[in-house]
Amino acid sequence: MGKRKSRAKPPPKKRMDKLDTTFCCPFCNHGSGVECKIDLKNNIGEASCRICQESFSTSVNALTEPIDVYSEWIDECERVNNLEEEAD
C-alpha cells in the first residue's frame, strides 16, 4: 500500500502595509510636515502643516484614509493654480 498524499497548507496571507499619515507640504516643501486627521464623528478630514500652518479640510466617509484627504488637497491646489493661469 502506498502513502496518501498530504494536503499542502495554503500560503499565509500577506498583511497590508500601513498607509502614511504624514506627507510633504505643497507650500513649504517640508517633508513629513503635513499631518492628516480624520474625525468620523463629524465627517471631517483635515490636513495641516505644522511648519507653515497651512491647512485644508474636506468631508469624509467611513472608507476615507489620510492619503485621500492629502490627495484632495493637492488636487484643489492644482485646480486653483490652473484657474489663475487661465485668468492671466
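**Close-up 1. Asp 68 on helix H1 and the negative surface patch.** Asp 68 is partly exposed in this predicted model, with a relative accessible area of 33%. Asp 68 belongs to helix H1, which covers residues 66–87. A negative surface patch includes Asp 68 together with Glu 65, Glu 72, Asp 75 and Glu 78. Asp 68 can be counted in a patch because patch residues must have over 30% relative accessible area and no salt bridge, and the value for Asp 68 is 33%.

**Close-up 2. The salt bridge between Arg 50 and Glu 35****.** The structure holds 2 salt bridges. One of them joins Arg 50 to Glu 35, and the closest N and O atoms of this pair are 2.9 Å apart. The pair links distant parts of the chain, with the two positions 15 residues apart in numbering. Arg 50 sits in the loop between strand E3 (44–49) and strand E4 (55–59), whereas Glu 35 is in strand E2 (residues 34–39). Arg 50 has a relative accessible area of 44% and is therefore partly exposed. Glu 35 is also partly exposed, at 30%.

**Close-up 3. The salt bridge between Glu 76 and Arg 79****.** The side chains of Glu 76 and Arg 79 form a salt bridge with an N to O distance of 2.5 Å. Both residues lie in helix H1, and they are 3 residues apart, about one turn of the helix. Glu 76 has 29% relative accessibility, so this residue counts as partly exposed. Arg 79 is partly exposed too, its relative accessible area being 44%.

**Close-up 4. Thr 58 and its side-chain contact with Glu 72****.** Thr 58 is part of strand E4. Its relative accessibility is 16%, so Thr 58 counts as buried; the cut-off for this class is under 20%. The side chain of Thr 58 makes a polar contact of 2.9 Å with the side chain of Glu 72. Glu 72 is also one of the residues that form the negative surface patch.

**Close-up 5. Thr 64 and Asn 61****.** Thr 64 is found in the loop between E4 and H1. Although in a loop, Thr 64 counts as buried because its relative accessibility is 15%. A polar contact of 3.0 Å runs between the side chains of Thr 64 and Asn 61.

**Close-up 6. Positive phi at Ser 32****.** The phi angle of Ser 32 is near 55°, a positive value in a residue other than glycine. Ser 32 is placed in the loop between strand E1 (22–23) and E2. With 36% relative accessibility, Ser 32 counts as partly exposed.

**Close-up 7. Positive phi at Gln 53****.** Gln 53 has a phi near 65°, again a positive value in a residue other than glycine. The residue lies in the loop between E3 and E4, which also holds Arg 50 of the salt bridge with Glu 35. Gln 53 has 61% relative accessibility and so counts as exposed, the cut-off for that class being over 50%.

Methods. Residues are numbered from 1 along each chain as its sequence is written. This is a predicted model: local features need pLDDT of at least 70, side-chain atom pairs count only at pLDDT 80 or more; totals for chains, interfaces and linings use all residues. Side-chain values use heavy atoms; hydrogens and water are left out. Patches are made of residues with over 30% relative accessible area and no salt bridge: like charges are joined within 9 Å, nonpolar side chains (Val, Leu, Ile, Met, Phe, Trp, Tyr) within 5 Å. Accessible areas come from the Shrake-Rupley method with a 1.4 Å probe; for residues, only the protein chains shown count as cover. A salt bridge is a side-chain nitrogen of Lys or Arg within 4 Å of a carboxyl oxygen of Asp or Glu. Lys and Arg count as positive and Asp and Glu as negative; His and the chain ends are not counted. The place of a charge is taken as NZ of Lys, CZ of Arg, CG of Asp or CD of Glu. Helices (H or I, at least four residues) and strands (E, at least two) are DSSP runs, numbered from the N terminus. Buried means under 20% relative accessible area, exposed over 50%, partly exposed in between (1.4 Å probe, protein chains only). A polar contact is a pair of N or O atoms within 3.5 Å; within protein, one must be able to donate a hydrogen and the other to accept it, and residues adjacent in sequence count only if both atoms are side-chain atoms.
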